[in-house]
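Grab a pencil and get ready for a few exercises. Each task comes with a solution that goes step by step.

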Amino acid sequence: MSGVNFRVQKGDKVGLVGRNGAGKTTLFKILFGLITPDTGQVVLPNQSIKPIGGIIEKPALYEYLSASDNIHLFASIQGLHLSKQEIAEQLIKVGLPTNRTDKVENFSMGMKQRLGIAIALLNNPACLVLDEPFSGLDPLGVAALRKLIVDLAEKHQLAIILSSHIIEELS
């Protein structure tokens, strides 16, 4: 992928479609500063502690911990000290139950995606990046995740960039 230029504003949803190897994940890694572009620059909003949050490839979770414990751990890593109520609010924001105490390894892929999004939203980033978020989801899971993405963009005025191999998933 070369010559990429785009701007995403609050509440925007931008989809990238491309075949395997087209550079979608590489672009996302550049946005996160994980790799350096050959040329050009990335300009991110600097008004927040964490201007961009997201999931590249699949959610990186501690499978042996509960959803609440995952949020608590990732919040601590990011310098946040969340109360039990604040952790519950993160779970509610993404449509996860607050009363589950079992290990994340028991969760469906859709629930793991939602938990990954809850973690990505810690420190209130201005932009959420989701790399192939619908992979491995059944049609109901795809519909539920699409609704969550639309809600986050509209209700929370979050800019969202996501990728897919399938254009219908982005419409």
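**Warm-up: a charged pair**

Arginine 100 is partly exposed, with a relative accessible area of 26%. Here, buried means under 20% relative accessible area, exposed means over 50%, and partly exposed is in between (1.4 Å probe, protein chains only). Before going on, know that this is a predicted model, where local features need pLDDT of at least 70, side-chain atom pairs count only at pLDDT 80 or more, and totals for chains, interfaces and linings use all residues. Residues are numbered from 1 along each chain as its sequence is written, and side-chain values use heavy atoms, with hydrogens and water left out.

**Exercise 1.** Find the residue whose side chain meets that of arginine 100 in a salt bridge.

*Solution.* Start with the rule: a salt bridge is a side-chain nitrogen of Lys or Arg within 4 Å of a carboxyl oxygen of Asp or Glu. The partner is aspartate 102, at 2.5 Å from N to O. Aspartate 102 is partly exposed too, at 25% relative accessible area.

**Exercise 2.** How many salt bridges does a search of the whole structure find? Pick out those that link distant parts of the chain.

*Solution.* Step one: the search gives 4. Step two: take lysine 24 and glutamate 132, whose closest N and O atoms are 4.0 Å apart. Lysine 24 belongs to helix 1 and glutamate 132 to the loop between strand 3 and helix 5, 108 residues apart. (Helices, H or I with at least four residues, and strands, E with at least two, are DSSP runs numbered from the N terminus.) Both lysine 24 and glutamate 132 are buried.

Step three: glutamate 63 and lysine 112 also form a salt bridge, at 3.2 Å from N to O. Glutamate 63 sits in the loop between strand 2 and helix 2 (67–77), and lysine 112 in helix 4, 49 residues away. Lysine 112 is buried at 16% relative accessible area, whereas glutamate 63 is partly exposed at 29%.

**Exercise 3.** In what order do the 4 strands form the open sheet?

*Solution.* Two strands count as paired if DSSP finds at least two bridges between them.

- Strand 1 pairs with strand 4 in the parallel sense over 5 bridges, and glycine 15 has leucine 162 in strand 4 as its bridge partner.
- Strand 4 (residues 159–164) is joined to strand 3 by 4 bridges, again parallel; leucine 128 partners isoleucine 160.
- Strand 3 pairs with strand 2 (residues 52–55), parallel over 4 bridges, with glycine 54 matched to valine 129.

Put together, the order is 1-4-3-2. Strand 1 (13–17) and strand 2 each have a single partner strand, so one side of each lacks a neighbour in the sheet.

**Exercise 4.** Which way do the side chains of strand 3 point?

*Solution.* Begin with the general pattern: in a regular strand the side chains alternate between the two faces of the sheet. In strand 3 (residues 127–130), Cys127 and Val129 point one way, while Leu128 and Leu130 point the other way. All of them are buried.

**Exercise 5.** Which strands does helix 1 lie across, and which does helix 4?

*Solution.* Contact means heavy atoms within 4.5 Å; axes are lines fitted to C-alpha atoms, for helices over the stretch in contact, with angles from 0 to 180 degrees between N-to-C directions. Helix 1 (residues 24–31) lies across strand 1, strand 2, strand 3 and strand 4, at about 150 degrees to strand 4. Helix 4 (residues 109–120) lies across strand 2 and strand 3, at about 165 degrees to strand 2.
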